[in-house]
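Colleague: I should like to go through the assignments in this model and hear the reasoning behind each. Please set every value against its criterion.

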Amino acid sequence: MKTIAFLSLLISFSITSFAQKQTFDLVTFTPPKGWTKEEKQNVIVYTKVDKKNKVWCQIGVYKSTASKGNIEDDLQSEWNEMAVKQFNITDPMQATETQEADGWKIKTGSGKFTSSNQPVAVLLTTFSGYNRCTSIIAITNSQAYLE
């Protein structure tokens, strides 16, 4: 099965050219420098907190699961599990057009919720192909992390 090359996803990481890549399940990526890493069975989570400015961002790279058969169903299923259930998002997901790369279909869904009286953005990118599906989620309360 092909490995998904993931160098950047909706959030740019300021990384030096000699940073080492990491592989988690099907995803190969360059970890964000200076972020706290927490590795669990099904997800690697990177967190950055700026206590001075009271802003934060969290990125989760999830292990793959069996595909539902197409990118739309995979994205909707992942959105329901990773965003709606976890953060009680009630507004409809806003989705991008499907992109394709190396036999993978890629689509991003976004939404928002409120935490501690602050708006929080959720971006979920799902990769679907080769009968597998994997996702990367970014959650932040600051526009600074959306660049």
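Colleague: Why is phenylalanine 87 called partly exposed?

Modeller: The model is a predicted one. In it, phenylalanine 87 has a relative accessible area of 21%. Buried requires under 20% and exposed requires over 50%, so phenylalanine 87, at 21%, is partly exposed.

Colleague: And why is phenylalanine 113 called buried?

Modeller: The relative accessible area of phenylalanine 113 is 14%. The cut-off for buried is under 20%, therefore phenylalanine 113 counts as buried.

Colleague: How many aromatic pairs does the structure hold?

Modeller: There are 4 aromatic pairs. One of them is formed by phenylalanine 87 and phenylalanine 113.

Colleague: What makes the pair of phenylalanine 87 and phenylalanine 113 stacked?

Modeller: A pair of aromatic rings is described by the distance of the centres and the angle of the planes. For phenylalanine 87 and phenylalanine 113, the centres are 4.6 Å apart and the planes form an angle of 10°. Pairing requires centres within 6.5 Å, and stacking requires planes under 30 degrees apart; the two rings therefore form a stacked pair.

Colleague: Which parts does this pair tie together?

Modeller: Phenylalanine 87 belongs to helix H1 (residues 71-87) and phenylalanine 113 to strand E10 (residues 104-115), so the pair links parts that are 26 residues apart in sequence.

Colleague: Why is strand E12 described as largely enclosed by the rest of the structure?

Modeller: Strand E12 covers residues 132-140, and 8 of its 9 residues are buried, so the rest of the structure largely encloses E12.

Colleague: How do you know that strands E11 and E12 pair?

Modeller: At least two bridges are needed for two strands to pair. Strand E11 (residues 118-129) and E12 have 9 bridges and run in the antiparallel sense, so the criterion is met. Threonine 125, for instance, has isoleucine 136 in E12 as its bridge partner. The hairpin of E11 and E12 has 2 residues between the strands, and tyrosine 130 takes a positive phi near 55° there.

Colleague: What joins strands E6 and E7 to E12?

Modeller: Strand E6 (residues 55-62) is joined to E12 by 5 bridges in an antiparallel arrangement, with isoleucine 59 opposite alanine 138. Strand E7 (residues 65-66) is joined to E12 by 2 bridges, also antiparallel, and alanine 66 stands opposite arginine 132. Since at least two bridges suffice, E7 pairs with E12 as well.

Colleague: What does the secondary structure of the protein chain come to?

Modeller: The protein chain has 1 helix and 12 strands.

Key:
Residues are numbered from 1 along each chain as its sequence is written. This is a predicted model: local features need pLDDT of at least 70, side-chain atom pairs count only at pLDDT 80 or more; totals for chains, interfaces and linings use all residues. Side-chain values use heavy atoms; hydrogens and water are left out. Buried means under 20% relative accessible area, exposed over 50%, partly exposed in between (1.4 Å probe, protein chains only). Helices (H or I, at least four residues) and strands (E, at least two) are DSSP runs, numbered from the N terminus. Rings of Phe, Tyr and Trp (its six-membered ring) pair if their centres lie within 6.5 Å; planes under 30 degrees apart count as stacked, over 60 as edge-to-face and the rest as tilted.
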